[in-house]
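Work through the exercises below with the sequence and the 3D view side by side. Try each task before you read its solution.

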Amino acid sequence: HCKKAEIVASTAQTYRQLGMKASEATEKLMSVTANMTDQEAREREEKQIFFIVQDAYTIPVYPDQSMKKKAISNFEERHYLACSQSFQNAIDNRNK
């Protein structure tokens with residue numbers, strides 16, 4: 001699950017750094033949910049995609065390639081860690 005968040009974050013930030021419009025990035029990322037038959041899972045995925053794309057577009061577009069790569073890397077790492085922290089919190093709460 002968290003690896004998926006990392007991949008979506010990396011892709012969203014890559015689209016951002018390429019100068020793609022947020023609506024286009026969202027549409028491209030949403031295409032992966034089109035064939036999902038589990039409605040609840042699909043809604044969770046779509047919610048996560050919307051959240052990540054919105055967050056990606058708060059980051060500026062950087063002028064040089066090394067800064068773009070760093071922005072993408074930092075963004076995917078942040079979303080992976082946020083996901084793993086939420087799982088840890090759920091585990092901790094279950095054990096109380």
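Throughout these exercises, contact means that heavy atoms lie within 4.5 Å. Helices (H or I, at least four residues) and strands (E, at least two) are DSSP runs, numbered from the N terminus. The model is predicted, so local features need pLDDT of at least 70 and side-chain atom pairs count only at pLDDT 80 or more, while totals for chains, interfaces and linings use all residues. Residues are numbered from 1 along each chain as its sequence is written, and side-chain values use heavy atoms, with hydrogens and water left out.

**Exercise 1. The chain as a whole**

Task: Describe the secondary structure and the extent of the protein chain.

Solution: Begin with the count, which comes to 4 helices and 0 strands, so that the pattern read along the sequence is α-α-α-α. Next, take the C-alpha atoms along the principal axes, where they fill a box of roughly 50 × 30 × 15 Å. Then turn to burial, where buried means under 20% relative accessible area, exposed over 50%, and partly exposed in between (1.4 Å probe, protein chains only); buried residues make up 34% of the 96 residues in the chain. Finally, among the contacts with a separation of 6 or more, 66% come from residues 24 or more positions apart.

**Exercise 2. Helices α1 and α4**

Task: Which orientation does α1 have relative to α4?

Solution: Two packed helices are described by the angle between their axes and the distance between the axes. The axes are lines fitted to C-alpha atoms, for helices over the stretch in contact, and the angles run from 0 to 180 degrees between N-to-C directions. Helix α1 (residues 2-17) and helix α4 (residues 65-94) pack at an angle of about 150 degrees, with their axes 8 Å apart. That makes α1 roughly antiparallel to α4, given that angles under 35 degrees count as roughly parallel, over 145 as roughly antiparallel, 65 to 115 as roughly perpendicular and the rest as oblique. As a last step, find the residues that meet: those of α1 include C2, A9 and Q17, and those of α4 include K68, F75 and F87. The residues of this contact divide into 9 nonpolar, 6 polar and 4 charged, where Ala, Val, Leu, Ile, Met, Phe, Trp, Tyr, Cys and Pro count as nonpolar, Asp, Glu, Lys and Arg as charged, and the others, Gly among them, as polar.

**Exercise 3. Helices α1 and α3**

Task: How are α1 and α3 oriented to each other, and where in the sequence does α3 lie?

Solution: Helix α3 spans residues 39-56. The axes of α1 and α3 come within 9 Å and cross at roughly 40 degrees, and the two helices are therefore oblique to each other. Among the residues that meet are K4, A5 and V8 in α1 and E45, Q48 and I49 in α3. The residues of this contact divide into 8 nonpolar, 2 polar and 3 charged.

**Exercise 4. Two residues of α3 and one of a loop**

Task: Decide whether E45, Q48 and D64 are buried, partly exposed or exposed.

Solution: E45 has 11% relative accessibility and therefore counts as buried; leaving out residues up to four places away in sequence, E45 touches K4, T33 and M36. Q48, also in α3, is buried with a relative accessible area of 17%, and with the same exclusion Q48 touches H1 and A5. D64 is found in the loop between α3 and α4 and, at 30% relative accessibility, counts as partly exposed. D64 and Q17 are 47 residues apart in sequence and 9.8 Å apart in space, C-alpha to C-alpha.
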